[in-house]
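User: I'm new to reading protein structures and would like a close look at one part. Could you walk me through the sheet and what surrounds it?

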Amino acid sequence: MQKNSRLGHLVAHARVLNRLDQILTSVLDPNLSCHCQVAEFKNRCLILACSNATFATRIRMISPQLLDSFREEGDFGIERIDIRIAPDNRPQPEVRKKRTLTAS
């Protein structure tokens, strides 16, 4: 029974992370949201992962507004935002390579 409890906790936590990521995507400019995602939420701290230092700096500058936006969207208990630099691991759309036909 304890395994089901842990699994249930993990599923609930994953749902919270997905919801927070949806909120983040909806409040950020599209050019910025594709370079930033929710990485973790624990101890009342929302951890965001940005693809490079430039985007991390931009997110740090608007983090007070982000906190307000998260508070407006629900009571998640977020007290602060921490920004980390990490590669983006969201699924990317598949880009097909153009193939050229040879003369033969």
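**A close look at the sheet**

Analyst: Let's start with one pair of strands. Strand 2, which covers residues 45-50, runs parallel to strand 3, and six bridges join the two. You can find individual partners along this pairing: Ile-47 sits opposite Asp-82 of strand 3, and Leu-48 stands opposite Ile-83 of that strand. Please keep in mind that this is a predicted model.

Now widen the view to the whole sheet. Its three strands are arranged in the order 1-2-3, forming an open sheet with mixed pairing. Strand 1 (36-42) and strand 3 (80-85) are at the edges, each with a single partner strand, so one side of each has no neighbour in the sheet. On average, neighbouring strands here are turned by 25° against each other, with direction ignored. As general background, strands of a sheet pair through backbone hydrogen bonds, either parallel or antiparallel.

Next, look at what lies across the sheet. Helix 3, residues 53-73, lies across strand 1, strand 2 and strand 3, and runs at about 160° to strand 3. Together, strand 2, helix 3 and strand 3 make up a right-handed β-α-β unit.

Finally, here is how this part fits into the protein. There are three helices and three strands in the protein, and along the sequence they follow the pattern α-α-β-β-α-β. Among contacts in the protein with a separation of 6 or more, 59% are between residues 24 or more positions apart. Of the protein's 104 residues, 29% count as buried.

How values were computed
Residues are numbered from 1 along each chain as its sequence is written. This is a predicted model: local features need pLDDT of at least 70, side-chain atom pairs count only at pLDDT 80 or more; totals for chains, interfaces and linings use all residues. Side-chain values use heavy atoms; hydrogens and water are left out. Two strands pair if DSSP finds at least two bridges between them. Helices (H or I, at least four residues) and strands (E, at least two) are DSSP runs, numbered from the N terminus. Axes are lines fitted to C-alpha atoms, for helices over the stretch in contact, and angles run from 0 to 180 degrees between N-to-C directions. Contact means heavy atoms within 4.5 Å. A crossover is right-handed if, with the strands pointing away from the viewer, the path from the first strand over the helix to the second runs clockwise. Buried means under 20% relative accessible area, exposed over 50%, partly exposed in between (1.4 Å probe, protein chains only).
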